[in-house]
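Thank you for asking for comments on this entry. Below are some numbered points to read with the coordinates open.

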Amino acid sequence: MKKVTLLKKYCLVGLAGIIAASAIGCTSEDINLDKDEVAEDVSSEESSHDEENEKVEDNNTGSTDNSSDSEDDKDESDANTESTEDADVSEDDTDIGANSRTAYKEFEDGTAKVKYVISDGDLFFNAEYNDPVFEEDEFYSMDEIIEACKELDYYNADGNPTITYTEIDCGDDCIPELYVDIQFGAASSLAMIIKEVEGELVLCYDELYGDRYMLEIGSDGTIEGSGSSAANIHSIKKAFIDADGNYIYYYGCTETLGLYNFSLYTSGVNEADFSTDGLDINHIGVDQYYFSEDYRNCDYFYHYFIFDDNYEDISTAADYEDSSEIKQAFSDAGVLPYTQDEIDEMLAERAEEVGYPGK
């Protein structure tokens, strides 16, 4: 038997080789030629003739030696050229991501700014939820970002916030992104992911967390949040930033333990008439899955389960048969519930569809 999952998930806690090239030196053997001895009884004319021939041989030998040395020099020069070219290639290989790292360091030092863009990953500075403090396509320093947070009057922290910069690799392409964590206090923090795109720093994602909502950013750009809106209602969400800096939502799930304040929605904000008559509302839980963060325009997929006083899942196959009173209550409300296996299959298909890099 397994514990109810989201009760455990609520308390979550917040990359190049150097290739060396060496010159290859080529050597050659010395060419040694012995002179023929001249016989003492040979005539002076013949001796003179032989001496001339020997001089020619000696000249030819010297020429051979010089040619060999020239070839050696050429081979060594070619080897050095090859080594230099290899070194250049190796340097290019290790240079991947260097421009990004330089830009991130300049942002940390306060000499570079990040561009604000309205995107799916704009969750905190989004003007829909907060008064607009940034203009789209304008650039802002870290100090200006902090002042904007204070301008929203969202934080009550004394002194300066604690800022942590961490290199991550969204999309596993060896080109780094910058994860920035700004802690304003024990109960409020801001997470941001910044990407260098064609010489510009772009804010890909920003989200507030703390107090009753915890956030975990993975080194692969995965984003997992978990929180509680009531004692018996807990939620999780999974998303990620891809290699191009796009924020992609994987799925969310809201789990309700007990049906005493449970609301069933067919989609979006359309609430269904769900009757709990005859049901043990204190021992029935419901998982509500969705594939969009826009709660007003999304479809819901429901899974129910039965738990005991220790919050152990004690559901059996019979609880999902058509004769089950719980399943009948869902059916009467016009909602088709799914088994856990069906939900797992649905999530696997969703992960493949969006390219989710996590587990």
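Is Y251 buried or exposed? The points below start from that residue, and they all concern a predicted model.

1. Y251 and its neighbour. With a relative accessible area of 6%, Y251 falls under the 20% limit and therefore counts as buried. Y250 is likewise buried, its relative accessible area being 7%. The two rings pair with each other: their centres lie 4.7 Å apart and their planes meet at 85°, and because an angle over 60 degrees is classed as edge-to-face, that is the label this pair receives.

2. A second aromatic pair. F305 and F307 also pair, with 6.2 Å from centre to centre and 50° between the planes, an arrangement that is classed as tilted. Both of these phenylalanines, F305 and F307, are buried.

3. The wider aromatic network. How many aromatic pairs does the count come to? The total is 21 aromatic pairs. Some of the rings are linked into a cluster through such pairs, and the cluster consists of F262, Y265, F274, Y290, Y300, Y302, Y304, Y320 and F330. I would ask the reader to display these side chains together, with Y290 kept in mind for the next point.

4. The largest pocket. The volume of the largest pocket is about 1500 Å³. Its lining is made up of 45 residues, of which Y129, E207, Y290, E293 and Y295 are the closest to the centre. Y290 thus appears both here and in the aromatic cluster. The elements that contribute two or more residues to the lining are the strands β6 (200–209), β8 (222–230), β9 (233–241), β10 (247–257) and β13 (284–290). In terms of residue classes, the lining of this pocket divides into 19 nonpolar, 17 polar and nine charged residues.

5. A charge over a ring. Y295, one of the residues closest to the centre of the largest pocket, also takes part in a contact with R296, whose charged end sits over the ring of Y295 at 5.7 Å from the ring centre.

6. Cysteines. How many disulfides does the count come to? There are zero disulfides in the model by the rule applied, which asks for a pair of cysteine sulfur atoms within 2.5 Å. Of the cysteines, C149 is buried, because its relative accessibility is 0%, and C298 is buried as well, with a relative accessible area of 7%.

7. Positive phi angles. Two loop residues deserve a look at the backbone. D172, in the loop between β3 (162–168) and β4 (177–185), has a positive phi of about 50° although it is not a glycine. With a relative accessible area of 64%, which is over the 50% limit, D172 counts as exposed. Y311, in the loop between β14 (301–306) and α5 (325–332), is another residue other than glycine with a positive phi, here near 65°. Y311 counts as partly exposed because its relative accessibility is 39%, a value between the limits of 20% and 50%.

8. The loop between β14 and α5, continued. S315 is placed in this loop too, and at 22% relative accessibility S315 counts as partly exposed. Its C-alpha atom is separated by 9.6 Å from that of I284, although the two residues are 31 residues apart along the chain.

9. Other loop positions. S275 lies in the loop between β12 (270–271) and β13 and is partly exposed at 37% relative accessibility; its C-alpha atom is 9.8 Å from that of L264, which is eleven residues away along the chain. N246 belongs to the loop between β9 and β10 and is partly exposed, with a relative accessible area of 38%. The C-alpha atoms of N246 and G121 are separated by 7.5 Å, while 125 residues separate the two along the chain.

10. A buried loop residue. Where is L152 found? L152 is in the loop between α4 (142–151) and β3, and at 16% relative accessibility, which is under 20%, L152 counts as buried. The C-alpha atom of L152 is 8.8 Å from that of P132, a residue 20 residues apart from L152 along the chain.

How values were computed
Residues numbered from 1 in each chain as written. Predicted model: local features only at pLDDT ≥ 70, side-chain atom pairs only at ≥ 80, totals over all residues. Heavy atoms only, no water. Buried < 20%, exposed > 50% of the residue type's maximum accessible area, 1.4 Å probe, protein only. 1 Å grid on protein atoms, 1.4 Å probe; cavity = no way out; pocket = protein on both sides within 12 Å on 5 of 7 lines; lining within 4 Å. Points joined across faces, edges and corners; volume = space filled by probe spheres on them. Helix = DSSP H or I, 4+ residues; strand = E, 2+ residues; numbered from the N terminus. Nonpolar A, V, L, I, M, F, W, Y, C, P; charged D, E, K, R; others polar. Phe/Tyr/Trp six-rings, centres within 6.5 Å; stacked < 30°, edge-to-face > 60°. Lys NZ or Arg CZ within 6 Å of the ring centre and 35° of its normal.
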